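This report describes the architecture of a single protein chain. The sequence and the structure are shown first, and the description follows.

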Amino acid sequence: MTPGQVFLLALALLYLSDCFLLVPRRGFAFLNMRARGRWRVALPSTALGNDRGGLVMTMPLPPLGRALVTGLWPISMSARGFTGVVTACPNPGMRPPLRSGVFRWDDLKEVGWEGRDLLVNGRRFLRLASPQVARAYSVLFLTLARTPEAGRAVVIESWCRRELSARRVRHRLRVFERVTSALRATCNALFFVAFVAVPLTYWYFGAAAPFFFALVAAGLLMVTIGVQFWCLHRRLYPEQGSERLQLWLLVGFMPQYAIRAVDELSKGLLANVHPLAAAEALLDDAGFRRFRDAVLRDLDSPVPQVLCGEEVDAALALAVEFREQFEEPALRAVAARRLGEPVRRAPEPQSLEAGSAEFCPRCLMPYEVGSGECLDCGGVETVPLGGGAI
Ligand SMILES: [Zn+2]
């Protein structure tokens with residue numbers, strides 16, 4: 001291979017590696033593989049990842065793809081206090097580590113955020129999906145700490161409703177598409193120059209003027225993308241000043257990052273939106289129904305949590321209280337309003353093996369009589385066929 005071919009191959013491999021998104025274990029990627037096509041949900045890979053997250057492949061051709069990442073609520077709250085223990089996680093595979101311990105609102109003296117870290121009484125309480133999420137929780141915590149105990153449930157309920165607003169998702173996407181249209185065009189031009197114009201001019205003319213013109217064009221496009229990216233990042237993510245320079249250096253000096261600049265901006269756009277709200281706004285009826293059923297089955301039959309640390313029982317009790325009092329009613333309301341129908345019982349497994357008479361109410365895996373529990377779901381008890389799941 002000539003040095004030029006080796007360089008092009010290395011650039012292509014680097015570019016393909018940047019087409020993967022790291023999605024948290026309690027997160028979901030919403031992908032659109034065609035311009036204005038149908039959205040679908042992608043779960044973090046169980047094979048390519050660890051207990052904190054997994055990879056998801058996005059559309060390699062930048063003109064066509066859209067990629068967004070959302071995450072489940074990472075904190076359980078009640079009128080008494082809050083904890084980092086949550087019970088919901090509809091994704092299969094590994095579970096992210098949880099931190100037990102319960103904080104009472106009355107003991108909250110100081111709350112703030114530093115990058116993605118939510119700080120409580122001067123110490124790091126939890127690392128969240130983005131600085132936006134950390135800031136949103138710090139504002140909510142301040143409000144709850146200043147609210148009398150009798151009024152906190154109303155504050156939490158209204159926060160849950162706002163986090164589940166599909167209208168907010170659609171509005172954000174409309175604004176994002178509008179403000180990033182020029183950047184997307186520049187990224188597409190760089191993709192064409194880097195992978196078509198540069199190799200072809202080198203192939204036909206060698207190290208001559210046309211090839212160097214193509215290289216200069218690629219350089220000018222990268223400078224343009226760097227400027228556009230900086231301005232848009234500051235506008236879309238004003239809280240992320242500490243990360244901006246690092247991202248800008250990657251986008252400004254590495255062509256494979258520069259081509260994916262729009263994905264870099266879009267992946268955090270819905271970081272503080274519940275996945276069910278994103279599903280309501282983006283998926284078609286069949287896709288939403290499947291996603292809704294998986295989320296509700298997990299709510300009804302959560303994977304048993306194994307915790308270590310302080311106040312384990314109190315943290316679990318608070319997580320269950322949050323799920324039953326706030327999370328479940330809010331999610332069921334979304335589930336019903338999107339399709340205009342009451343939430344029905346989930347379907348039972350269709351393809352049964354001979355002898356199967358039970359199934360897992362969380363993942364719908366069929367089991368033989370007397371299996372007792374589903375190993376894939378960490379010990380969720382199986383139920384007889386005909387028992388239904390929701
Ligand atoms: Zn299962």
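The text below proceeds from the overall fold to the sheets, the nonpolar cores and three loop residues.

**Overall architecture**

The model is predicted. Its secondary structure amounts to 12 helices and 16 strands. Along the principal axes, the C-alpha atoms occupy a box of roughly 70 × 60 × 40 Å. The radius of gyration is 24 Å, which agrees with the value near 21 Å that a compact globule of 390 residues would have. Of these 390 residues, 39% count as buried. Among contacts between residues at least 6 apart in sequence, 66% join residues at least 24 apart.

Two domains are assigned: domain 1 comprises 3-71 + 169-266, and domain 2 comprises 351-390. Taken over C-alpha atoms, the centres of domain 1 and domain 2 are separated by 43 Å.

**Two open sheets**

One open sheet consists of 3 strands in the order E9-E10-E11, paired in the antiparallel sense. Its edges are formed by strand E9 (111-114) and strand E11 (123-127); each has a single partner strand, so one side of each lacks a neighbour in the sheet. On average, and with direction ignored, neighbouring strands of this sheet are turned by 35° against each other. Helix H2, residues 131-146, packs on the sheet and touches E9 and E10. The direction of H2 makes about 175° with that of E9. Within the sheet, Leu119 stands opposite Arg124 in E11.

Another open sheet, also of 3 strands, has the order E6-E7-E8 and antiparallel pairing. Here strand E6 (76-77) and strand E8 (102-104) are the edge strands; each has a single partner, so one side of each is left without a neighbour in the sheet. Between E7 and E8, Thr83 has Val102 of E8 as its bridge partner.

The table sets out one strand pair from each sheet.

| Strand and residues | Partner strand | Pairing sense | Bridges |
|---|---|---|---|
| E10, residues 117-120 | E11 | antiparallel | 4 bridges |
| E7, residues 81-83 | E8 | antiparallel | 3 bridges |

**Nonpolar cores**

The largest nonpolar core holds 73 residues. Which of its residues touch the most other members? They are Ala29, Phe30, Leu68, Leu270, Ala277, Ala278 and Ala279. Helix H12 (residues 312-339) gives the most to this core, contributing 10 residues. The core also draws at least three residues from each of domain 1 (3-71 + 169-266) and domain 2 (351-390). When residues up to four places away in sequence are not counted, Ala279 touches Val41, Phe288 and Phe291.

A second core, separate from this one, has 21 residues, including Leu190, Ala194, Ile259 and Val262.

**Three loop residues**

Asn121 is located in the loop between E10 and E11, the two strands that pair over 4 bridges. The phi angle of Asn121 is near 50°, a positive value in a residue other than glycine. Is Asn121 buried or exposed? Asn121 counts as exposed, because it has 12 C-beta neighbours inside 10 Å and the exposed class extends to residues with 12 or fewer.

Leu364 also has a positive phi in a residue other than glycine, near 70°. Its position is in the loop between strand E12 (356-359) and strand E13 (366-368). With 17 other C-beta atoms within 10 Å, Leu364 is partly exposed, because this count falls between the limit of 12 or fewer for exposed residues and that of 20 or more for buried ones.

Gly379 lies in the loop between strand E14 (373-374) and strand E15 (380-381). Gly379 counts as exposed, with 12 C-beta neighbours inside 10 Å. Where sequence separation is concerned, Gly379 and Val303 are 76 residues apart, yet their C-alpha atoms are 7.0 Å apart in space. Leaving out residues up to four places away in sequence, Gly379 touches Pro304 and Glu373. Gly379 thus combines an exposed position with contacts to Pro304 and Glu373.

Conventions. Residues are numbered from 1 along each chain as its sequence is written. This is a predicted model: local features need pLDDT of at least 70, side-chain atom pairs count only at pLDDT 80 or more; totals for chains, interfaces and linings use all residues. Domain bounds come from an automatic or database domain assignment. Two strands pair if DSSP finds at least two bridges between them. Axes are lines fitted to C-alpha atoms, for helices over the stretch in contact, and angles run from 0 to 180 degrees between N-to-C directions. Two residues are in contact if their C-beta atoms, placed from the backbone, lie within 7 Å. A nonpolar core is a set of buried Ala, Val, Leu, Ile, Met, Phe, Trp, Tyr and Cys residues joined through C-beta atoms within 7 Å. The radius of gyration is taken over C-alpha atoms; the globule rule is 2.2 Å times the number of residues to the power 0.38.
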